[in-house]
Amino acid sequence: MAGFAGLGGVVGQTHLGSFENYDLELGYRNMSIYHYPNMVYSFVGLNPNPNPYLLTGLRLLWGGFNNIGPHTFNNGDNFRPLYSETELGKSTLFATTKDNKLIVAEYMPTDLPEQSFVETPATLVASVPYTPYYPKLTGTPKTYRDYSKDGKQMGLFVYHPDSQKYYSFTYNFQTKSLQKVLDGVSLTYGNETGSDVAFDEQSNLYYTGYANNGNNKEGVSIYKVSPGGSTLVGKDNFLKFGEVVKLKYLLGKMYVAVQGRKTGTQVQQLSILKQK
């Protein structure tokens, strides 16, 4: 695994990176492994899960897709799987298409086929305009997610490293409603290497940046990006010592992990700050 960001579990957003030809994503109660070109392997946990922060009672399920609605796979030229929220039963696949859409389909995962490829029927349930980014012939963009506490709504975020912009969507698993929220936003008062980023289930983006709307390069503030623009979260220039090592939105509050050296000593300390 190339990297890990996020806390996971019921209300966390995660991205596990990629290993060779596989992309791994940790969802609400599963871990899905994408084997290019059109196959999804998912380790699915118990539902209901007695411990929502652990995947227990794992079972390996599979889905393979040649057609989703009017979209034919055609060796990855027409659509590519982006993320799957897999359960023991009807599951949800998110994919990008050549005609510039993000589509959502439902399918019934099965145990692994014993021999050759067996197509999994998939029903198209929603779509919105979106121009996908493919980093290479067999790749997909980096995605992040954040879930409501009950798992009924998900915020899906897609990062385009070529333009350093974020796109976000919300999906309600009960109403099947898919909406685009952020359409190519950037970290206006921060930067890609120095800012930490967090997300919520409404598909708003949060990040650490320079204080005073980017004018104070010595100070740190937290900004929220929503469809209405950027707003300050909490006090401007709130950090008096140390550096932010992790930003996390959890149950309506912002949490900040700050690392720094204790005054007058060589002791390093980690502090967790909570939004009032």
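Which residue forms a salt bridge with aspartate 183? The partner is lysine 180, and the closest N and O atoms of the two are 3.7 Å apart. That value sits inside the 4 Å cut-off for a salt bridge. Aspartate 183 counts as exposed, because its relative accessibility is 52% and the exposed class begins over 50%. Lysine 180, at 31% relative accessibility, counts as partly exposed. Please keep in mind as we go that you are looking at a predicted model.

Let's stay with charged pairs for a while. Side chains of opposite charge can pair when their charged atoms come close. A search of the whole structure turns up five salt bridges. One of them joins aspartate 111 to arginine 59, with 3.2 Å between the closest N and O atoms. This pair links distant parts of the chain: aspartate 111 belongs to the loop between β10 and β11, arginine 59 belongs to strand β5 (residues 59–64), and the two are 52 residues apart. Both ends are partly exposed, aspartate 111 at 45% relative accessibility and arginine 59 at 41%.

Another salt bridge runs from glutamate 106 to lysine 176, where the closest N and O atoms are 2.6 Å apart. Glutamate 106 lies in strand β10 and lysine 176 in the loop between β14 and β15 (177–185), so this pair ties together parts that are 70 residues apart in sequence. Here the two ends fall into separate exposure classes: glutamate 106 counts as buried because its relative accessibility is 11%, under the 20% limit, whereas lysine 176 is partly exposed at 30%. The pair also has company, since Lys90, Glu106 and Lys176 are linked in a network of salt bridges.

Now turn to the nonpolar interior. The largest nonpolar core has 18 residues, and those touching the most other members are Phe94, Leu102, Met154, Phe169, Tyr171 and Leu178. Several strands contribute to this core: β8 (79–85), β10 (101–107), β11 (122–129), β13 (153–160) and β14 (165–172) each supply at least two residues. Strand β10 is thus a strand to remember, because it holds glutamate 106 of the salt bridge described above and also supplies residues to this core. Methionine 154 is a good place to zoom in. Leaving aside residues up to four places away in sequence, methionine 154 touches Tyr83, Phe94, Arg145, Asp146, Tyr147, Phe169, Thr170, Tyr171, Phe173 and Glu201. Apart from this core lies another, of 14 residues, including Tyr144, Val185, Leu205 and Val225.

Strand β12 (residues 142–147) is where lysine 142 is found. Lysine 142 counts as partly exposed, at 36% relative accessibility. Its C-alpha atom is separated by 8.4 Å from that of phenylalanine 157, a residue 15 places away along the chain.

The last stop is a sheet. Strands of a sheet pair through backbone hydrogen bonds, either parallel or antiparallel. In this open sheet, four strands follow the order β16-β17-β18-β19, with antiparallel pairing. Its edge strands, β16 (197–199) and β19 (229–233), each pair on one side only. On average, neighbouring strands are turned by 40° against each other, direction ignored. At one edge, β16 pairs with strand β17 (residues 205–211) in the antiparallel sense over three bridges. If you would like to find this pairing on screen, look for alanine 198, whose bridge partner in β17 is tyrosine 206.

Terms used: Residues numbered from 1 in each chain as written. Predicted model: local features only at pLDDT ≥ 70, side-chain atom pairs only at ≥ 80, totals over all residues. Heavy atoms only, no water. Buried < 20%, exposed > 50% of the residue type's maximum accessible area, 1.4 Å probe, protein only. Core = buried A, V, L, I, M, F, W, Y, C linked by side-chain atoms within 4.5 Å. Contact = heavy atoms within 4.5 Å. Pairing = 2+ DSSP bridges. Axes fitted to C-alpha atoms, helices over the stretch in contact; angles between N-to-C directions. Salt bridge = Lys/Arg side-chain N within 4 Å of Asp/Glu carboxyl O.
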